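Subject: Structure for your study

Dear colleague,

Please find below the structure that I am handing over to you, followed by an account of what was found in it. I would suggest keeping the view open while reading.

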Amino acid sequence: MARIPVFTIAILLFFIASFQASSATSKPTGLSMKLIRRDLLFPGNLTTFQRIRRLVQLSVRAQNFDSFPSLHQSEDNVLVRLPIARVPESYAYVVEFKIGSQLYPVKLLMDTGSSLIWTQCEPCIQCYPQKVPIYDSRTSTSYSKLPCTHELCQGENNRFRCYNNECVYNIQYGATSRRNSPRTKGVASFEAFQFPIDTVHTTVINDMIFGCSNDNPNIDFANGQISGILGLSRGPDGLASQLAKRGIIENRFSYCLVPFHDVLRQPTILRFGDDIPLPVGNLQYTDFILYPGRNQYYVELLDISVGFQKMGFESIPGMFELRQDGSGGSLIDSGTVVSTIDVNTIGRNAYKEVMAAFQAYYDKKNFRRKGGQVEEKFELCYYNKAGFRDFVTMTLHFEGGDYFIDGKYMHYFADEEEEGEGYFCVALFKSSKTILGAWQQQNVRIIYDMNGGGFQWITETCANDHFP
């Protein structure tokens with residue numbers, strides 16, 4: 001079985017979730033989930049440098065696979081090519097709750113790039129090893145299959161396909177030409193989800209749509225901590241969409257990522273609806289772009305600045321728009337660890353020009369370039385200078401607001417003690433899309449508002465965001 005590096009990382013960190021109602025009413029309008037960085041659960045005592053290096057190396061593997069989705073139908077399956085397959089070895093967020101009348105525990109990888117919630121199911125055709133018992137729908141009295149007449153199994157906007165009187169799915173992660181690409185197959189179903197409200201109380205939500213996956217070739221989560229995926233994109237089968245449709249929350253969620261170099265002393269929080277705190281300061285936003293058949297969080301990028309130098313991409317209309325072949329476009333994805341810039345933009349090479357601006361900045365300051373390819377695969381690296389702190393910033397100029405990235409979050413810093421001579425790299429990768437990844441989301445309150453508020457952000461000290 002191929003190991004999951006074939007997937008591309010998910011949300012770079014780990015979180016174990018417990019839902020907390022925002023009020024004592026029978027229909028709460030908010031929920032919260034504890035976020036625990038996955039490296040805290042991964043076996044072994046890794047230094048901060050080793051932890052971050054592993055995180056970045058896993059992100060590099062994402063570049064080998066297609067980063068844009070397409071939907072194909074055949075007689076027996078639905079094949080979805082997701083933008084970045086979120087199945088990591090050691091850095092992700094995992095949500096833990098229970099399902100079914102027998103209260104099977106599930107640990108699901110959080111994924112803002114896909115919508116289906118799925119877990120492994122008995123009887124298995126091909127299942128990967130997991131530490132918690134594999135869910136068995138045959139023992140659950142609250143389980144039922146999604147009928148072929150359901151709106152998600154028929155019509156132009158179907159998410160699944162009816163085959164042999166069952167509503168089924170076949171989701172592939174990576175390029176369709178790769179026979180060994182990870183995939184999950186199963187039956188679209190209904191089940192009761194039980195979420196903990198606190199250490200004593202729980203709440204049960206019946207008839208949640210999820211995928212009962214009994215055939216998962218080429219998937220291996222390595223540490224057995226993950227039993228499936230929790231989809232959070234805009235699709236109707238995503239968690240936020242389902243909870244909003246049921247009137248349990250408003251259709252918006254938020255998180256604030258504690259910097260990777262910091263010790264995570266308390267779980268941070270994934271918040272839904274009214275549990276999202278009211279930001280103090282200038283909250284900026286840009287509208288989501290809704291492309292037919294795509295549920296990822298696309299936004300309109302107009303230009304990019306490196307330091308005080310604006311690149312002037314705004315002079316080429318549509319430079320960062322989604323192209324007909326599915327490449328291009330700008331999106332927000334915490335499942336992508338390190339941000340990427342499109343190398344195939346029309347008219348000018350955005351990635352090449354941005355990297356040239358970074359190089360000009362450090363060459364002017366007489367930094368010594370680190371030759372050869374570093375282990376993390378970054379393109380532009382320099383040896384450190386003692387006491388230097390003026391690392392150059394980057395700004396993404398979206399329609400409606402400017403997303404400013406502090407210099408310390410625009411670079412990867414190799415530990416001097418580990419390497420003998422410390423160095424730093426510009427934390428960007430080339431890709432067929434421009435993606436704002438989690439590395440450049442550190443210490444920023446991120447809000448996904450599907451009620452018309454779009455993508456919202458404001459600088460925040462994320463270590464202060466935790467349960468009382």
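How many helices and strands are there in the chain? There are four helices and 31 strands. Please note from the outset that this is a predicted model.

**The chain as a whole**

The chain has 468 residues, of which 60% count as buried. It exposes about 19000 Å², and carbon and sulfur atoms supply 47% of that area. Among contacts between residues at least 6 apart in sequence, 71% join residues at least 24 apart.

**A sheet and the helix across it**

You may wish to begin with an open sheet of four strands, which follow the order β20-β19-β24-β25 with antiparallel pairing. Its edge strands are β20 (309-310) and β25 (401-405), each of which pairs on one side only. Strand β19, residues 301-306, runs antiparallel to β20 and is joined to it by two bridges. Within this pairing, Val306 has Gln309 of β20 as its bridge partner.

Helix α3, formed by residues 350-364, lies across β19, β20 and β24 (394-398). The helix runs at about 20° to β19.

**The nonpolar cores**

Which residues have the most contacts inside the largest nonpolar core? They are Ile304, Val354, Phe358 and Tyr403, in a core of 86 residues. Helix α3 provides the largest share of this core, namely seven residues. Val354 may serve as an example: leaving aside neighbours within four places in sequence, this residue is in contact with Ile304, Val306, Met311, Phe313, Ile341, Met394 and Leu428. A second core, separate from that one, has 18 residues, and Leu109, Trp118, Ile171 and Phe190 are among them.

**Strand β31 and its partners**

Why is strand β31 described as largely enclosed by the rest of the structure? The strand covers residues 454-459, and five of its six residues are buried, so the description follows; a residue counts as buried when its relative accessible area is under 20%.

Strand β31 pairs with β30 (residues 444-449) in the antiparallel sense, over six bridges. One of the matched pairs is Val444 with Thr459 of β31. Together β30 and β31 form a hairpin with four residues between them, and Gly452 in the turn has a positive phi of about 110°. Strand β16, residues 284-286, also runs antiparallel to β31 and is joined to it by three bridges. Here the bridge partner of Gln284 is Trp457 in β31.

**Aromatic pairs**

A search of the whole structure finds 36 aromatic pairs. In one of them, the ring centres of Tyr135 and Phe210 are 5.9 Å apart and the planes lie at 80°, so the pair is edge-to-face. This pair links distant parts of the chain, since Tyr135 belongs to strand β7 (residues 135-136) and Phe210 to strand β12 (residues 202-215), 75 residues apart. Are these two residues buried or exposed? Both Tyr135 and Phe210 are buried.

Phe398 and Trp457 form another edge-to-face pair, with 5.8 Å from centre to centre and 70° between the planes. Phe398 lies in strand β24 and Trp457 in strand β31, 59 residues apart, and the pair again links distant parts of the chain. Phe398 and Trp457 are buried as well. Both belong to one aromatic cluster, which also includes Phe253, Tyr255, Tyr403 and Phe455.

Yours sincerely,
A colleague

Terms used:
Residues numbered from 1 in each chain as written. Predicted model: local features only at pLDDT ≥ 70, side-chain atom pairs only at ≥ 80, totals over all residues. Heavy atoms only, no water. Buried < 20%, exposed > 50% of the residue type's maximum accessible area, 1.4 Å probe, protein only. Contact = heavy atoms within 4.5 Å. Areas by Shrake-Rupley, 256 points an atom, 1.4 Å probe, with all protein chains shown as cover. Pairing = 2+ DSSP bridges. Axes fitted to C-alpha atoms, helices over the stretch in contact; angles between N-to-C directions. Core = buried A, V, L, I, M, F, W, Y, C linked by side-chain atoms within 4.5 Å. Phe/Tyr/Trp six-rings, centres within 6.5 Å; stacked < 30°, edge-to-face > 60°.
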